[in-house]
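Student: I would like to take a close look at one part of this protein, the pocket, and to understand how it sits within the rest of the fold. Could you take me through it slowly, beginning with the whole chain and then turning to single residues?

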Amino acid sequence: MNVVEKKYRDTPIINPKYAKHLSNYINLLQQNGRVLEAKYFFQELLTLKPKSINTYITGYKLAIKTFDNQMVGKFDNSLMEKKSKTEILHCLRLEYYYSVNNQRCFEELLTHMLTSPRLSENSLRLILQLVLEQGDYQPISSLFKYLKTKNKYLNKAAESKVRNVVLQRLVDSLVKVTL
């Protein structure tokens, strides 16, 4: 039994930290790919804290993993109404656009996020992960422009992934020119 699961199971339901431990347990289940269990426990969290921003964020992430577009919309609207931090909402939307392969919205939101004056390290980490996994030239180009302005660099593994994408783009351009 994991430490997070033990904390959740050992906490009585009347304890004020019960919802926090439940939320942590749901996040652990999601990270371990146990999405159905996470969805079951999320219903309990939703009855305990139906108006909490953390509940909405957890539900949003769970809806993305289960491809539940209706719930994504519901949690998106709820987070907008609660006036949560826009950066968190943007990150969740970026994950959603990536998961449903909505390239146009992904690129537009990414460009918007990269033009913001302050971007947290967690958001930048998520952007790096999604852009490198996607492997498309345009988002990589936008990301590199941002990294250059902030004097930040990628590690060697990420650079080699980017190099492969850029070389493929070059080859594609050369093929178009010769045809």
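Tutor: Let us begin with the overall fold, which has 10 helices and 0 strands, and keep in mind throughout that this is a predicted model. Read from the N terminus, the elements therefore follow the order α-α-α-α-α-α-α-α-α-α. The C-alpha trace covers about 70 × 35 × 35 Å along its principal axes, and of the 179 residues in the protein, 38% count as buried. The accessible surface comes to about 11,500 Å², and carbon and sulfur atoms account for 54% of that surface. If we take the contacts between residues at least 6 apart in sequence, 50% of them join residues at least 24 apart.

Now to the part you asked about. Rolling a probe the size of a water molecule over the atoms shows where empty space is left. In this protein the largest pocket has a volume of about 770 Å³, and the elements that give two or more residues to its lining are α2 (18-31), α4 (53-65), α6 (86-99) and α8 (121-134). Of these contributions, the one from α6 is the greatest, with 7 residues in the lining. In total 24 residues line the largest pocket, and those that lie nearest its centre are Lys-61, Cys-91, Leu-92, Glu-95 and Leu-126. When the lining is sorted by class, it has 8 nonpolar, 11 polar and 5 charged residues.

Helix α6 also takes part in a link to another helix, since the side chain of Arg-93 meets that of Asp-76 in a salt bridge, at 2.9 Å from N to O. This pair links distant parts of the chain, with Asp-76 in helix α5 (residues 69-81) and Arg-93 in helix α6, 17 residues apart. Both partners, Asp-76 and Arg-93, are buried.

A search of the whole structure finds 6 salt bridges, and two others among them are useful to set beside that pair. One joins the side chains of Lys-6 and Asp-10, again at 2.9 Å from N to O. Because Lys-6 and Asp-10 are 4 residues apart in helix α1 (residues 3-10), about one helical turn separates them. Lys-6 has a relative accessible area of 44%, so it is partly exposed, while Asp-10, at 52% relative accessibility, counts as exposed. Another salt bridge is formed by Arg-104 and Glu-108, whose closest N and O atoms are 3.1 Å apart. These two residues both lie in helix α7 (residues 103-114), where a spacing of 4 residues amounts to about one turn of the helix. Arg-104 is exposed, with a relative accessible area of 52%, and Glu-108 is partly exposed, with a relative accessible area of 46%.

Helix α5, which holds Asp-76, is also the place of Ser-78. Since a residue counts as buried under 20% relative accessible area, Ser-78, at 12%, falls in the buried class. Its C-alpha atom is separated by 40 Å from that of Lys-156, and the two residues are 78 places apart along the chain. A second serine, Ser-142, is found in helix α9 (residues 137-149), and its relative accessible area of 17% makes Ser-142 buried as well. Leaving aside residues up to four places away in sequence, Ser-142 touches Thr-111 and Leu-114.

Let us finish with two residues in loops, and with the backbone angle called phi. Most residues other than glycine have a negative phi. Phe-67, however, has a positive phi of about 55 degrees although it is not a glycine, and its place is in the loop between α4 and α5. Asn-151 likewise has a positive phi of about 55 degrees without being a glycine, and Asn-151 is placed in the loop between α9 and α10 (156-178). Because exposed means over 50% relative accessible area, Phe-67 at 55% counts as exposed, and Asn-151 at 59% counts as exposed too.

Note on methods:
Residues are numbered from 1 along each chain as its sequence is written. This is a predicted model: local features need pLDDT of at least 70, side-chain atom pairs count only at pLDDT 80 or more; totals for chains, interfaces and linings use all residues. Side-chain values use heavy atoms; hydrogens and water are left out. Buried means under 20% relative accessible area, exposed over 50%, partly exposed in between (1.4 Å probe, protein chains only). Contact means heavy atoms within 4.5 Å. On a 1 Å grid over the protein atoms alone, a cavity is a set of points where a 1.4 Å probe fits but cannot get out, and a pocket is an open set with protein on both sides within 12 Å along at least five of seven lines; lining residues have an atom within 4 Å of a point. Grid points are joined across faces, edges and corners, and a volume is the space filled by probe spheres set on the points. Ala, Val, Leu, Ile, Met, Phe, Trp, Tyr, Cys and Pro count as nonpolar, Asp, Glu, Lys and Arg as charged, and the others, Gly among them, as polar. Accessible areas come from the Shrake-Rupley method with a 1.4 Å probe; for residues, only the protein chains shown count as cover. A salt bridge is a side-chain nitrogen of Lys or Arg within 4 Å of a carboxyl oxygen of Asp or Glu.
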